[in-house]
Amino acid sequence: MAWDWQVFLNDDGSGGRTYLQWMMDAWGWTLSVAGSAWVIAMVVGALIGTLRTLPNSPWLVRMANVWVELFRNIPLLVQIFLWYFVVPKIFPVMQGIPSFVLVVFALGFFTSARIAEQVRAGIQSLPKGQRYAGMAMGFTTTQTYRYVILPMAFRIILPPLTSESMNLLKNSSVAFAVSIAELTMFAMQAQEETSRGIEIYIAVTGLYAISAFAVNRAMAFVEKKVQIPGYVVAGGVGGGH
Amino acid sequence: MGGLDLTFVSWDIISKFVLGGFMFSVNLTIVATLGGILFGTVLALMRLSGIKPLTLVATFYVNGMRSVPLVMVILWFFLLVPLITGRPVGAELSATVTFIAFEAAYFSEIMRAGIQSIPRGQVHAGQALGMTYSQNMRLVVLPQAFRNMLPVLLTQTIILFQDTSLVYAIGAYDLLKGFVTAGKIYGRPEEAYILAAIVYFAVCFGLSVLVKRLQNKIAIIR
């Protein structure tokens, strides 16, 4: 079997676009889906994770726990189908929403549950004295979280947040199931059209690996920037994908 | 509620469409967990062996698998396995091979952490008793590492069970596909997705409660 990398220069049948250009467009979609979902996951995850540690609000804690269990125990693919097929049927107002937005919410909420879990663990790993110190300063609960607990907790959980961010990028591949024109969708379609599966898959796999590595480096940069001199954080065991 | 009717499903439909798919998902989970732990432990031992070529190969394999989306790995194997074996293989068999190979990378990281969590004194004690490397691993280190990591391994299994739904990419008949097929035939696709979600949730949540209990039990003994 011989290589045929020129397949990328062939026209993809849509008129004037090569497979290479198609793949670059697809990479753009992958990055857009992952990037938008990342913002949602971080904001919602930080909020839900914080709620789970509130000292005097058992109902908020319970609701946040339900959120985490709900979004963590249903496969992402099923969640994407639910957002894409079921939600617009239950709420007819949502029928006009583009599938890109639905997938971003599905991926964002799915990841938010995992991030919330990390945020909770990070907050609870802080010595109780930190919270008491905030109270002793006369801080309100909000102020304690804002100025004492969260700045420490987020520094501690940066390594697991890095792997969750990389997971999110990889999980964006599941968007193929509702025909988002991202990399995996490109791989499947181009493989079928050109019968040059190995070349196509190698290129797509490479782009995923590059993207994941870039996320890794970006987070490492952030980690270094926000590091408190002399304060060393031990990394935990990460699972999942 | 937009005219959803979850009552369309009957025992007849379940046994005809869903049960087979459910059994496939469960089987795939069990086989991939056992195979993945076995292969993953070998990878972990290779990485910790101190023999450079072995370490390099294992590290490359684990990091490679972990930097690629599972869907792509599933597609890769579906494309490559027939090329290697020279004859077409079914989506189900291809999925099984894929999941063992893919999950091994994740299980190996867990086993590596488990092995490293065993105090050096244990290894030295084994050596002092005149144990060979394999005896030391088999009788002293691995049983403890496995036991310490049991909750993490089981949590990974729950994730694995959810991941089996991704065989959708190559059209294997699993739990999700069972529901989707039934939904299509009876004209109730939305309800089918909801029911699938409920079943996945029940299994995964149930298992995670069990894992939490197990974790507490182990914590008390130690």
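These are my notebook entries on a predicted model with two chains, A and B.

**Entry 1: the two chains**

I began with chain A, in which I counted nine helices and zero strands, so that, by the way helices and strands are assigned here, its elements run α-α-α-α-α-α-α-α-α from the N terminus on. For the extent of chain A, I looked along the principal axes, where the C-alpha trace spans about 70 × 50 × 25 Å. I then asked how much of chain A is buried, and found that buried residues make up 39% of its 241 residues. As for contacts in chain A between residues at least 6 apart in sequence, I noted that 72% of them join residues at least 24 apart.

I turned next to chain B, whose secondary structure comes to eight helices and zero strands, with the pattern α-α-α-α-α-α-α-α when I read along the sequence. The C-alpha atoms of chain B fill a box of roughly 70 × 50 × 25 Å, again taken along the principal axes. In chain B, I found that 41% of the 222 residues are buried, and that 74% of the contacts between residues at least 6 apart in sequence join residues at least 24 apart.

**Entry 2: the nonpolar core**

Which residues have the most contacts inside the largest nonpolar core? I found that this core has 121 residues, and that the ones with the most contacts inside it are Leu77(A), Ile80(A) and Ala187(A) from chain A, together with Ile74(B), Leu75(B) and Ala196(B) from chain B. Helix H4 of chain A, residues 99-124, gives the most to this core, with 13 residues. I then followed Leu75(B), leaving out residues up to four places away in sequence, and saw that Leu75(B) touches Ala187(A), Met188(A) and Tyr201(A) as well as Ala169(B).

**Entry 3: where chain A meets chain B**

I looked up the contact of the two chains, which takes 35 residues from chain B and 33 residues from chain A. On the side of chain B that touches chain A, the elements that give two or more residues are helix H3 (70-85), helix H4 (91-116), helix H6 (133-163) and helix H8 (189-221). The largest share of this side, eleven residues, comes from H8(B). When I sorted the side of chain B that touches chain A by class, I had 27 nonpolar, seven polar and one charged residues.

**Entry 4: a helix pair across the chains**

How do helix H9 of chain A and H3(B) pack? I found an angle of about 160 degrees between H9(A), residues 197-226, and H3(B), with their axes 11 Å apart. Because an angle over 145 degrees counts as roughly antiparallel, I wrote down H9(A) as roughly antiparallel to H3(B). H9(A) passes H3(B) in a left-handed crossing. In this pair, Gly197(A), Ile198(A), Tyr201(A), Val204(A), Thr205(A) and Tyr208(A) of H9(A) meet Met72(B), Leu75(B), Trp76(B) and Leu79(B) of H3(B). I sorted the residues of this contact into eight nonpolar, two polar and no charged.

**Entry 5: a helix pair within chain A**

I then looked at helix H5 (residues 128-136) and helix H6 (residues 141-156) of chain A, which pack at an angle of about 155 degrees with their axes 9 Å apart. That angle makes H5(A) roughly antiparallel to H6(A). H5(A) passes H6(A) in a right-handed crossing. The contact is made by Gln130(A), Arg131(A), Ala133(A), Gly134(A) and Met135(A) on the side of H5(A), and by Gln143(A), Thr144(A), Val148(A), Ile149(A) and Met152(A) on the side of H6(A). I recorded five nonpolar, four polar and one charged among the residues of this contact.

**Entry 6: single residues**

Is Ser179(A) buried or exposed? I counted 12 other C-beta atoms within 10 Å of Ser179(A), and since 12 or fewer counts as exposed, Ser179(A) is exposed. Ser179(A) is found in the loop between helix H7 (158-171) and helix H8 (183-194) of chain A, and its phi is near 60 degrees, a positive value in a residue other than glycine.

Ser195(A), which lies in the loop between H8 and H9 of chain A, has a positive phi of about 55 degrees although it is not a glycine. With 10 C-beta neighbours inside 10 Å, Ser195(A) counts as exposed.

Last, I looked at Thr85(B), whose place is in helix H3 of chain B, and which is exposed, with 10 other C-beta atoms within 10 Å. The C-alpha atoms of Thr85(B) and Val211(B), residues that are 126 apart along the chain, are separated by 39 Å.

Definitions and conventions. Residues numbered from 1 in each chain as written. Chains lettered and ligands numbered in written order. Predicted model: local features only at pLDDT ≥ 70, side-chain atom pairs only at ≥ 80, totals over all residues. Core = buried A, V, L, I, M, F, W, Y, C linked by C-beta atoms within 7 Å. Buried ≥ 20, exposed ≤ 12 C-beta atoms within 10 Å, placed from the backbone. Helix = DSSP H or I, 4+ residues; strand = E, 2+ residues; numbered from the N terminus. Contact = placed C-beta atoms within 7 Å. Nonpolar A, V, L, I, M, F, W, Y, C, P; charged D, E, K, R; others polar. Axes fitted to C-alpha atoms, helices over the stretch in contact; angles between N-to-C directions. Parallel < 35°, antiparallel > 145°, perpendicular 65-115°, else oblique. Left-handed = near helix turned anticlockwise from the far one by under 90°.
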